[in-house]
Amino acid sequence: MKGPLFVAIILGAGLTGSAIAQDADTATLEKGRYLAAASDCAACHSVHGKPEYSGGVSFSLPMGKIYSTNITPDPEHGIGHYTEAQFSRAVREGIRRDGSTLYPAMPFPSYARMTDSDIHALFVYFRKGVPAASVPTPDNEIKWPLSMRWPLAVWRWVFAPTLHTAISRTAGEFTDPQLARGAYLVEGPAHCGACHSPRAITMQEKALTADSGSLYLSGGGVVDGWTPPSLRQENRTGLGRWREEDIVAFLKTGRAETGSVFGSMTSAVLHGTQKLKDEDLRSIAHYLKSLQAADQSQTPWTYDSTITDQLHKADLSLRGARVYIDRCAACHRTDGKGYPAVFPPLAGNPVVMQTDPVSLVHIVQAGATLPSMTAAPSSFTMPAFNHKLTDQQIADVVTFIRHAWGNNASAVSAEDVKQFSKSMPPSDMPDDTPALN
Amino acid sequence: MEPTLNAPRRRSVVKGLLGTTSFWLASGNARWSEALADEAAQPYRPIFFDIAEYQFLEAACERLFPADHNGPGAKTLGVAEFLDRQMQTPYARGENWYMSGPFEQGPANLGYQLPFVPKDLYRKGIAGVERYARQQYGKGFAALSALQQDEILTALEGGSVQLGDIPGRVFFEQLRTNTLEGAFADPLYGGNRGLGGWIMLGFPGARADFMDWVNQEGASYPIGPVSISGETA
Amino acid sequence: MVKHVDAIIVGAGWAGSIMAKELTEAGLSVVMLERGSERTTPVEGAYPESIDELRGAIRKRLFQNLSQSTVTIRNTIDQTALPYRQLAAFLPGEGVGGAGLHWSGVHFRVAPEDLRLRSAVIERYGEKFIPEGMNLQDYGVSYEELEPFFDKAEKVFGTSGEAYRVQGKIVGNGNVFSSDRSDNFPLPAMKDTFSASVFRDAAKNAGYHPYSLPAANASRQYTNTYGCQMGPCNFCGYCSGYDCYLYSKASPNVNILPVLRQEPRFSLIPNAHVLRVDLDSTKTKATGITYLDTKTRKEHSLSADLIILGAFQFNNVHLMLVSGIGKPYDPVSNTGTVGRNFVYQTITSSRVWLPPSTYTNQFVGAGGAGVAIDDFNSMNFDHGPLGFVGGSPVWVNQAGVKPIAAALGAGGGGTPRWGSAYKDSLVNTYKHSLGIDAHGSNMAYRDVYLDLDPTWKDAYGQPLLRMTFTWKDNDIRMNQYVVSKIEPIARAMGATKMNLVHLNAGQPFDTRTYQTTHLGGGAIMGDNPQTSALNRYLQSWDVSNVFVIGSNAFPQGMGYNPTGMVAALAYWAAHHIRTTYLKSPGPLVKA
C-alpha cells in the first residue's frame, strides 16, 4: 500500500487528477486499516491459519456457543452485499442487513460512538483492503428459545445507546483534545469496556462511558478464564500506580515496568493496540489516568521488605515460601520485584491483588507466552505449573504472593484452586518437546 | 527377558518413557511428582537386563559407589534401575555416535573405536565379568565377597582383563560413568532416589537461582535441593 | 526452476545470524540454511525441565549428532586417522543458534598484537625466534580497524564488563593490558563468585592485574540495539551445554533471531544439510548451493549472487574442500591454502582446595563470569628468555559445576576413582575446591592441518574431514610456564592442597576428554593468497562471491575465547560487503 504514496511523492508537482483521487482513496483505506486494528476486529473475526477476517471464532456464552461471522467482501459468506448504510447499522447499532439483531458479543454499543468519517474509512477498508474469502460461518449452537434473535432487539432497544446519544456525547465532553481523543478511542473503537466494565445480569455493560459513572472500566467479569482488572485509578487493584508511559509501553509492546500482558489481553495487544500510533496510545493513557478510583477505600500500596529479608536469610517457614523459592523466585526474585520489563513484578502488581484470584491461579496453572511484538521482538514464556504443583501448593504460593511485599489480598484455598482448574485456559506452551534423551 | 511379576500394565507402558512428555501423558497422573511416586512405590522390574544381569549391576554399582559415612550408595539411590531405564533410550542404541565402519583399532588417545553401542557393551561386558568371576573365584559376581568384587573391578580398571571382544577397561569405564550418572541425575530418570546424591554434595538441584547467593564469603548455600518434578529435601 | 535469492547463508549460528541481519538491512533477500532443527528457548530452555544435567551436558542434547557427520583425527601425518565417534574433546553445536546457543558466554575482544603476531614477534625478538615449522602469520587487519565492530557486537550481545580505557581516558579497574575502547561495556561487570573474589585478591597481592571477564551474560536486564531483550543472569550455572532459561546468555536465538524472524526478506530453513557450494565452470564464481532436506532426504538447489559460509569452523573448511573452493593445502610442500593453519587452544585446568570450613559453592556460576589476569597472555611479557611464542590468560571462571560432571572428573592422579575413598574426595572436592584455568594460545604448524579423509564418509556419502593435530613443543612449554605462575597465587588463596595440571612434553592430543570447542584456522584470512584462503574481508581469494565467516579465519589460536572475535569479523566483513562489494561485486583485494 506504500506504492501509490511513493509514486505520488516522486511525481511531485506533476500529479494528475486521477493520482490525487487514488491518493485520497489510499489514505481512506489506510485510515480504515488503522481503525480496524484500533477496533481489534481481528481478535474476534480472524482465526489463525484461515483467511484474515473470515470469521469462525467461537464464543462460549452461558446460553451456548456462537461464532463470529465472515466480514470479508465475499458476496456469499461475507459482507459483499452490504451497503455503507447497512455496514454502519451493523457496526454501530447491531442490526444486520436482514434486520435481525447481532449478539452483543459484537461491541456495537461501543462502536456507536464512532464518527461517520471513521465508519466510512472502515467500510472502504473492509471493501477494498481485505481480500474476499469464501468461508462459511459455522451455525451458532444456541438452543431454542434462546436462539431467537428478537429478544436481542429488545435488549438492544433498552440498553444500547442510539447513534444520536452516542455521538453527541463524544462531541464536547472533554475540552482537552488529548482527553477527547483518548475517550473516543477507549469508549469507541477500542471498546475496552466490553471486557473491563462490569456487566449486569442482562449482559449490558453497567456503564459505557466515563460520564456514566465510576463503574465504567472498573473491572469486568471472567472472560475465557481471566478476570479483566480495573483500568481506573484504584491504588492497589487499578492503574493508580501506573504512569502514562507504563500504559503506553504496555499497549505498544505488551510489557511495561509495572507488568506484562497475559490471558485474553495478549491478543488485544498483538492484533490491536501495538499497531496504534504513539500519539493515540498517549491519548488513551492520558484518558485512563483521568478516571477516578471506583473503590476509594484502598490504602496506598507501599513496598514491605519483611518477606524479602526472610527469604534472603533462607527462612522458609511461611506457607508457600518454599514453593516460591523453588519455582518462582528465579524470575520474579526473592524481593518480588521481578526483572521488568522481562519478568513482571509481583510486588504491587494490581493483578496479584485483584479480589478474584482466578487470573493469578490460572497463570500459575497454565503459564503464559508473551509473544513477539513489532516494537519488542522478544517473546518470553512463563511455564505451566499445573503438572508440577498440587492444588495445595498452588493455593499456598498464590496466597504467599498475595500477602508478601506489601500486597494485601485475600488467601486462596486448595478448594478454590481445584474449582479454578475446571476453567483453566489451554496452556499455550508448546507441547511438542521431543523425548528428553 | 519379560518381567515375571504381574506388574500393572500402565507401568510397563510408561517405563521406557520416564522423563519424557509421553510419560506424563501416559501416566495418567495430574502431577508429575505423583506419577514418579507411583512408579517408585512398586518394586522395579527390569526390562532390558535379565535378573542375573540386574543382580550383577546392583552388586557392582554398590562397590563403585558404596553406602558410607558420606551418604547412600548406588543401591539405595536406585542406580541399577536408572541403568535399565537408560537402556531404553537413544543413548543406549548409540544414536548420537558415529557407528559407521570400518572399525580399526588405534592408539587409545584417538578414542573409542569398537563397533558396540552401550547396550552391547553391557550385554557382552556383564557376561564376560561373570565368566571371569567363575574362572577366578568359582562363583558369580554377586555371590562374591566385597573384597573379591573389588579385586575384579580393580583388575578391570587396570586393563589386565579382556572380556571376550571387549577390553575390560572399556566396560569398567562405561559402568563407572553410568553409575555416577545414576547417582547424581535428576530423579526423573529413576536414580538419585530421595535426592540422596545431591544432599551428599550440597547441590540444590533444579532451583537454578543464586541471585541472592552469588558470593557468600565461604559460607555454604543454605537451602536444600528440589528436583524437576518438585521433590524436595 | 531453481529458486533465486540475493544471498544464501550456511549455518544459523552467530556468524550466520549477524550476516543475515546485516544483509537484510542492506535490502537483500536472504535464505539461511541450518542443518539441525529449529530451537527456541520456551522449548529448549523450559524451566525447570531444562535444569537437567543428564539431558543437557551429559547426553549432549544441543550438540552435533555425530551419527550423521563427524571428523577423523590423527596426531601425525604417518598415522591412520580414526573417526571421532563420541563427543568428548570438542563439542560443536547443531540446530538454530548453533554453538551460539550452548556456549558459555565469555566475550573477549582481541589482544591487538595477536592480530599481527608474526610482525610483533619479529620486531621484538627477530625472525629466528620463530621455531622451524611454525606458520606464524598476521591477520591482515588491525585492532583499530576492528574496534567499531567489537563495540557493535558488544551492544548486540549485551556484554557485561568493566572497561580500563575509553577514548584515551582510564575509566575503571578493567584489564590494564586491553586496548583503547570507543565506548564502555553496555552492562556493568558480573559479580564475583566467592572463588573469583578469592582469586582476585590473591592475584592482586601477587602483583598481577586481575580484571572481570567480559561476559555475554547480562548482569542486569537489557534491551539490545535490535530491540531484543535479555533477562538478568542469576548465576544458575546452566550456560555451557544449555539454552539459558532466563534469556540472559547472549545467543542468536535471543539477541538477533527475534527481530530477523519479523523481517519479510529473511527466511530460515532448518534441517537443511548443505552438500556443496555450486560453482560455474571457471571455478571462480559460485552460482548457488545444493542441500539435502534431512527430513525428506530430498536434494534441493538454490541460486544466489552471494554465498556466506557461516557454519562451524571445520564445517566451513569441509564445504570449501568438497566444493572445490580454493586450493587444498599440501603439508609436504607447504602450499595451497584450504586446510592450512588448523589450530586449537592449549587449555589446562588446575584445582585448588581451600580449608573444610570454606565452601566454594561451585554450582553457583555463570559461563562468562570470572576474574582473569593477562600478565602472561599475548605479548604482555618478555618471551625472550623463555623461547616460546604465545601465552595464556589465567582465570577462575566458575561456570557452575554440576554433580555428574564433578563425579566423573573426581579421582585419578593417585586418588581412587571409585569406592568409599573416592566418595570422600568427591565430596571434599565439590564442596571446598575451585578451578583455575590456563586458557592459552596454540600456534600453527606446517604439519597440523585439515584435509578430506580417504576412508570414512558421512551419512550423506561425502568424505569426512580429517584433522592432523598434536601438541608441539612451543605450546607445551608455554603452557608449563604459565601454569607455574598459578602456584604462588594458589598459595596466597590459602590452598590446603593443589593439583597443578599442565601439558607434558611428548604428550599427544587426546580426543577422549573435553578441552575446548575453540577450534580455529583451516581457511584463514591474510594479505597473501599464497598463504591464506581468505583476504582481509574474509572473502575467498579464489571465488569472490563467497565469504567465509568464523574462527576458521584465525591464523593462530589465541589465548582469548573466539566468539567475540568471530562476531567482530562478521560485522567487519558485512560492513565491507554493504559499503563496497554490493556496489561493485568482485574481489575486494587484488590478488
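In strand 12 of chain C, Ala286(C) stands opposite Leu279(C). This pair belongs to a predicted model, and it lies where strand 11 (residues 272-279) of chain C runs antiparallel to strand 12 (residues 286-293) of chain C, the two being joined by seven bridges. The strands form a hairpin with six residues between them, and within that hairpin Lys283(C) adopts a positive phi near 60°.

Strand 12 of chain C also pairs with strand 13 (residues 298-309) of chain C, again in the antiparallel sense, through six bridges. Here Leu292(C) has Glu299(C) of strand 13 of chain C as its bridge partner. The connection between strand 12 and strand 13 of chain C is a hairpin with four residues between the strands, and Arg297(C) in its turn has a positive phi of about 60°.

A further hairpin in chain C is built from strand 19 and strand 20, with five residues between them. In its turn, Gly461(C) shows a positive phi of about 85°. Strand 19 spans residues 449-457 of chain C and strand 20 spans residues 463-468 of chain C; five bridges hold them in an antiparallel pairing. Among the facing residues, Leu450(C) has Met467(C) as its bridge partner in strand 20 of chain C, while Leu452(C) is partnered by Leu465(C) of that strand. These two strands are part of an open sheet of four strands in chain C, ordered 4-3-20-19, in which the pairing is mixed. At its edges stand strand 4 (82-83) and strand 19 of chain C, each of which pairs on one side only.

Another open sheet of chain C contains six strands in the order 7-16-17-18-15-21, with antiparallel pairing. Strand 7 (211-212) and strand 21 (497-499) of chain C occupy the edges; each has a single partner strand, so one side of each lacks a neighbour in the sheet. The partner of strand 21 of chain C is strand 15 (residues 346-353) of chain C, to which three bridges join it in the antiparallel sense. Within this pairing, Lys497(C) of strand 21 of chain C stands opposite Trp353(C). Helix 7 (residues 194-205) of chain C packs on the sheet, where it touches strand 16 (371-373), strand 17 (394-396) and strand 18 (433-440) of chain C. The direction of helix 7 of chain C makes about 30° with that of strand 16 of chain C.

Further along chain C, strand 22 (residues 520-522) includes Gly520(C). Is this residue, Gly520(C), buried or exposed? Gly520(C) counts as buried because it has 26 C-beta neighbours inside 10 Å, the threshold for burial being 20 or more. Leaving aside residues up to four places away in sequence, Gly520(C) touches Gln313(C), Val343(C), Ser551(C), Asn552(C), Phe554(C), Gly557(C) and Pro562(C). Between Gly520(C) and Ala81(C) the separation is 439 residues in sequence and 19 Å in space, C-alpha to C-alpha.

Chain C also meets chain B, in a contact that takes 55 residues from chain C and 52 residues from chain B. On the side of chain B that touches chain C, helix 4 (51-64), helix 9 (168-184) and helix 10 (196-201) of chain B each supply at least two residues. The largest share, six residues, comes from helix 9 of chain B. By class, this side of chain B has 29 nonpolar, 14 polar and nine charged residues.

Burial within chain B can be followed along helix 3 (residues 32-41), whose buried residues are Trp32(B), Ser33(B), Ala35(B), Leu36(B) and Glu39(B). Viewed down the axis of helix 3 of chain B, these buried residues fall within an arc of 160°, and they therefore line one face of the helix. The general geometry of such elements is relevant here: an α-helix has 3.6 residues a turn, so residues three or four places apart point the same way.

Chain A, finally, has 18 helices and seven strands. Of its 437 residues, 48% are buried. Among contacts in chain A with a separation of 6 or more, 63% involve residues 24 or more positions apart. According to an unreviewed UniProt entry, the annotation "domain: Cytochrome c" covers residues 27-130, 177-292 and 315-405 of chain A. Over residues 177-292 of chain A, the chain is 38% helix and 3% strand, with the end C-alpha atoms 19 Å apart. Over residues 315-405 of chain A, helix accounts for 37% and strand for 7%, and the end C-alpha atoms are 15 Å apart.

Definitions and conventions:
Residues numbered from 1 in each chain as written. Chains lettered and ligands numbered in written order. Predicted model: local features only at pLDDT ≥ 70, side-chain atom pairs only at ≥ 80, totals over all residues. Contact = placed C-beta atoms within 7 Å. Nonpolar A, V, L, I, M, F, W, Y, C, P; charged D, E, K, R; others polar. Pairing = 2+ DSSP bridges. UniProt positions renumbered as here; feature names shortened; annotations may be inferred. Buried ≥ 20, exposed ≤ 12 C-beta atoms within 10 Å, placed from the backbone. Arc of directions from axis to C-beta. Axes fitted to C-alpha atoms, helices over the stretch in contact; angles between N-to-C directions.
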